[in-house]
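Here is a friendly walk through a protein chain for someone meeting it for the first time. Have a look at the sequence and the structure, then read on.

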Amino acid sequence: MALHKAMTIAGSDTSGGAGMEADLKTFTAMGVYGMTALTVIVAQNPKDWAHEMYPIGMDVIEKQIKTIVEGIGIDAMKTGMLGSAELVQLVADTIDKYSLKNVVIDPVMVCKGIDAIMVPDAAAAIKEVLVSRADVITPNTLEAAYLAGMDKVETLDEIKEAAARIQQMGAGYVVIKSGSRNDGDEAVDVLYDGKDYTVNAEKKLEGCFNHGGGCTFSAAITAGLAKGLSVKDALAEAKEFITVALKNSFRLNQFSGATDHCKWHK
Ligand code: PXL
């Protein structure tokens, strides 16, 4: 069997549900060999679950990327939490230097429960240098509003407008996930390829834990691309994967729960 390899440049969510933990679990469940360039360690305070960030040095991140890309080689890659404009630029330079293909950008700017942009400089850099290098970009509605320069992205028309604007900035395919961040009873995803919109509206899954859902979804797209699927087929499989993971999600403690990466089987 062919070996399919994917890299994630992402943070560690010590609690295991999001970040590179979610990426690796998803890659494995989908039959892809995963490798990580770790950018930051997020630790949660057991008393109140406040997130504490411990960034990894740029030199160490660069070495990890070299190990993976020069030492082994990849079929696809994704990004997660990047945390500084300098690191965003390193990712852009890496994509160019090695002519990397199947690049999935998850423009992580907000976290569940914190809807303000976490690191404004990094967000600005993502807009400036990563959007145009993405084969697929997967913002949630808050990230989409930021990237598209819109006050809000909530209605279907606004989601479509944001997707068009982001695509015009040079992204190949734009997938905007409204997830739990809309008032209606449907979770709406919109895919725009520069020509056509594909709208996927499904009844929201009640009572599930969605921590790490965005990471898992973008990792599943990355895994599909690593296996040689077209973007559309990779998206369809990723949608299945995240739906199963959400339906089987479970509580971890009084603060958080996680999606189940082990229940999907092809
Ligand atoms: O879900 C966004 C996210 C990404 N990466 C890391 C995280 C989180 C949210 O907690 O911890 C490392």
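## Starting at N140

Let's begin with one residue: N140 sits in the loop that links strand 6 to helix 5. Keep in mind that this is a predicted model. Is N140 buried or exposed? N140 is buried, since its relative accessible area is 10%, and the cut-off for buried is under 20%.

What does the side chain of N140 reach? One partner is the backbone nitrogen of L142, at 3.1 Å. That contact comes from a side-chain oxygen, and with it N140 caps the N-terminal end of helix 5. There's also the backbone nitrogen of E143, which lies 2.9 Å from a polar atom of the N140 side chain.

## Helix 5, wrapped up

Now follow the chain into helix 5, which covers residues 141-148. Of its 8 residues, 6 are buried, so helix 5 is largely enclosed by the rest of the structure. Which residues of helix 5 are buried? They are T141, E143, A144, A145, L147 and A148.

Those buried residues have several elements to pack against: helix 4 (120-130), strand 6 (136-137), helix 6 (156-168) and strand 7 (173-177). After helix 5 comes G149, with a positive phi near 70°.

## Stepping back to the whole chain

Time to zoom out. The chain holds 8 helices and 11 strands. Its C-alpha trace spans about 45 × 45 × 40 Å along the principal axes. A compact globule of 266 residues would have a radius of gyration near 18 Å, and the chain has 17 Å, so the two agree.

How much of the chain is buried? Of the 266 residues, 51% count as buried. As for contacts with a separation of 6 or more, 65% of them join residues that are 24 or more positions apart.

## Two nonpolar cores

The largest nonpolar core has 48 residues, and the members that touch the most others are M77, L130, I137 and I166. Take L130 and set aside its neighbours within four places in sequence: L130 is still in contact with L82, V88, V91, A92, I95, I105 and A125. There is a second, separate core too, made of 24 residues, with A6, F217, I221 and A238 among them.

## Strands 1, 2 and 3

Over to the early part of the chain. Strand 1 (residues 5-13) runs parallel to strand 2 (residues 33-44), and the pair is joined over 8 bridges. In this pairing, I9 stands opposite A37 of strand 2. Add helix 1 (residues 19-29) to strand 1 and strand 2, and you have a right-handed β-α-β unit.

Strand 2 has another partner. In which sense do strand 2 and strand 3 pair, parallel or antiparallel? They pair in the antiparallel sense over 5 bridges, with strand 3 covering residues 51-55. Here V42 stands opposite M53 in strand 3. The two strands form a hairpin with 6 residues between them, and W49 in the turn has a positive phi of about 65°.

## A219, out of sight

Next stop: helix 7 (residues 213-226), which is where you'll find A219. With a relative accessibility of 0%, A219 counts as buried. What does A219 touch, once residues up to four places away in sequence are left out? The answer is D23, T26, F27 and K78.

A219 can also be set beside D106. The two are 113 residues apart in sequence, and their C-alpha atoms are 8.9 Å apart in space.

## Two positive phi values in one loop

Most residues other than glycine have a negative phi. With that in mind, turn to the loop between helix 3 (85-97) and strand 5 (103-105), where S99 is found. S99 isn't a glycine, and its phi is positive, near 45°. Its relative accessibility is 47%, so S99 counts as partly exposed.

N102 is found in the loop between helix 3 and strand 5 as well. It's not a glycine either, yet N102 has a positive phi of about 55°. Is N102 buried or partly exposed? At 25% relative accessibility, N102 counts as partly exposed.

Note on methods. Residues are numbered from 1 along each chain as its sequence is written. This is a predicted model: local features need pLDDT of at least 70, side-chain atom pairs count only at pLDDT 80 or more; totals for chains, interfaces and linings use all residues. Side-chain values use heavy atoms; hydrogens and water are left out. A nonpolar core is a set of buried Ala, Val, Leu, Ile, Met, Phe, Trp, Tyr and Cys residues joined through side-chain atoms within 4.5 Å. Buried means under 20% relative accessible area, exposed over 50%, partly exposed in between (1.4 Å probe, protein chains only). Contact means heavy atoms within 4.5 Å. Two strands pair if DSSP finds at least two bridges between them. Helices (H or I, at least four residues) and strands (E, at least two) are DSSP runs, numbered from the N terminus. A crossover is right-handed if, with the strands pointing away from the viewer, the path from the first strand over the helix to the second runs clockwise. A polar contact is a pair of N or O atoms within 3.5 Å; within protein, one must be able to donate a hydrogen and the other to accept it, and residues adjacent in sequence count only if both atoms are side-chain atoms. The radius of gyration is taken over C-alpha atoms; the globule rule is 2.2 Å times the number of residues to the power 0.38.
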